[in-house]
Amino acid sequence: MRKNIVAGNWKMNTDLQEGLKLAKEINALVAKGLNDSNTGVVIAPPYTHLATINEHIDREKICLAAQNCAAEAKGAYTGEVSVQMLKAVGVRAVILGHSERRAYYGETSEILLKKVKLVIENGLKPIFCCGEVLAERESNIHFNVVKEQIESVLFTLSAEDYKRVIIAYEPVWAIGTGKTASAEQAQEMHAFIRQLIVGKFGAEAANNTTILYGGSCKASNAKEIFSKPDVDGGLIGGASLVAEEFLGIVNAF
Ligand code: PEP
């Protein structure tokens, strides 16, 4: 059975002190036990916090993730952080292809494929984001957009490498806007993505793929969204910065 996951993307928020406090609060709430034992908790703090937070969380219960990584393994790439560096401080998953990285930092499928491969080669898991902007949904090309994002990166992987992938469908018009996709819209796209995977890697691989929804997900709407059969959890931005709210989402399962 595939795992449910709720992942918090802290983005460029919190200084180290605030981030450590938040991580400790999340850790304490997770220690009390979750409603559903099949739900995994992931947190993705800024790079500068990772090594410290790794020392203060129960690593059996919380998976530490990064929000990005370099597209090269090592060398003269000033300002970049490699997958190996992340691994050495306890990181086990990396968010890749977030719409903010695609839009503000020009991350193309070509760049993302290099990053996804490095993450997998190092034994970590990519949380691969896809999703359409509002104009694409309004022009009714959202399925094609997501198909192209997935095919150009994930469908070039070997079947073995693909097994490590987690997908996050994040309609860009719902990110940070307070406008959540309806549970039906989420389910429709998740089912479409799962069918694409069936076509490429087969039914078993599709059934084992965790597909997260992201976009203004909160404790108050998570239950309805997560009740859909192809929605296996959430990638949470704003609401992951308050421990009780984040755990409210985790415990929506
Ligand atoms: C995100 O950035 O991945 C996200 C889903 O943000 P928010 O929850 O704030 O919409």
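Ala, Val, Leu, Ile, Met, Phe, Trp, Tyr, Cys and Pro are counted here as nonpolar, Asp, Glu, Lys and Arg as charged, and the remaining residues, Gly among them, as polar. With these classes, the lining of the largest cavity comprises four nonpolar, three polar and two charged residues. The structure is a predicted model, and the account below begins with this cavity, moves to a buried strand and the pockets, and ends with individual loop residues.

The structure holds one cavity of 30 Å³ or more, and the volume of the largest cavity is about 40 Å³. Its lining is made up of Gly97, Ser99, Arg102, Cys129, Cys130, Gly131, Glu170, Val172 and Ile175, and the elements that contribute two or more residues to this lining are α4 and β5. Both of these elements return in the description of the pockets, where helix α4 (residues 99-104) provides the largest share of the lining of the second largest pocket, three residues, and β5 (125-130) is among the elements that give two or more residues to the lining of the largest pocket.

The strand β3 offers a way into the interior. Five of the five residues of β3 are buried, so this strand is largely enclosed by the rest of the structure. The covering extends to both faces, since Ile62, Leu64 and Ala66 on one side are buried, as are Cys63 and Ala65 on the other. β3 pairs with β2 in the parallel sense over three bridges, and within this pairing Val42 has Cys63 of β3 as its bridge partner. Strand β4 (residues 93-96) also runs parallel to β3, to which it is joined by two bridges, and here Ala66 has Val94 of β4 as its bridge partner. Cys63 and Ala66, named in these two bridges, thus belong to opposite faces of the buried strand. The connection from β3 to β4 involves helix α3 (residues 83-88), and together β3, α3 and β4 make a right-handed β-α-β unit.

The same strands lead to the open spaces of the model. The largest pocket has a volume of about 650 Å³, and of the 32 residues that line this pocket, Lys3, Ile5, Lys125, Ile166 and Thr210 are the closest to its centre. Two or more lining residues come from each of β2 (39-44), β3 (62-66), β5 (125-130), α8 (159-162) and α10 (203-208), and β2 gives the most, with four residues. The strand β3 therefore combines two roles in this description, being largely enclosed by the rest of the structure and also giving residues to the lining of the largest pocket. By class, that lining has 15 nonpolar, six polar and eleven charged residues.

The second largest pocket has a volume of about 460 Å³, and the closest to its centre, of the 17 residues that line it, are Lys11, Met12, Gln67, Arg101 and Tyr105. Its lining contains seven nonpolar, seven polar and three charged residues. Lys11, one of the residues closest to the centre of this pocket, lies in the loop between β1 (4-9) and α1 (16-31), and has a positive phi of about 55° although it is not a glycine. A positive phi, near 60°, is also found in Asn140, likewise a residue other than glycine. Asn140 sits in the loop between α6 (134-138) and α7 (142-153), and because its relative accessible area is 59%, above the 50% limit, Asn140 is exposed.

Two further loop residues are buried. Val165, in the loop between α8 and β6 (166-169), has a relative accessible area of 5% and is therefore buried, the limit being under 20%. Leaving aside residues up to four places away in sequence, Val165 touches Ile120, Pro126, Leu154, Leu157 and Thr209. Val165 and Val89 are 76 residues apart in sequence, and their C-alpha atoms are 21 Å apart in space.

Cys217 occupies the loop between β7 (211-214) and α11 (219-226), and counts as buried because its relative accessibility is 4%. With residues up to four places away in sequence again left out, the contacts of Cys217 are Ala222, Ile225, Phe226, Ile236, Ala239 and Ile249. Leu157, one of the residues that Val165 touches, is 60 residues from Cys217 in sequence and 30 Å from Cys217 in space, C-alpha to C-alpha.

Technical notes
Residues numbered from 1 in each chain as written. Predicted model: local features only at pLDDT ≥ 70, side-chain atom pairs only at ≥ 80, totals over all residues. Heavy atoms only, no water. 1 Å grid on protein atoms, 1.4 Å probe; cavity = no way out; pocket = protein on both sides within 12 Å on 5 of 7 lines; lining within 4 Å. Points joined across faces, edges and corners; volume = space filled by probe spheres on them. Buried < 20%, exposed > 50% of the residue type's maximum accessible area, 1.4 Å probe, protein only. Pairing = 2+ DSSP bridges. Right-handed = clockwise from strand over helix to strand, strands pointing away. Contact = heavy atoms within 4.5 Å.
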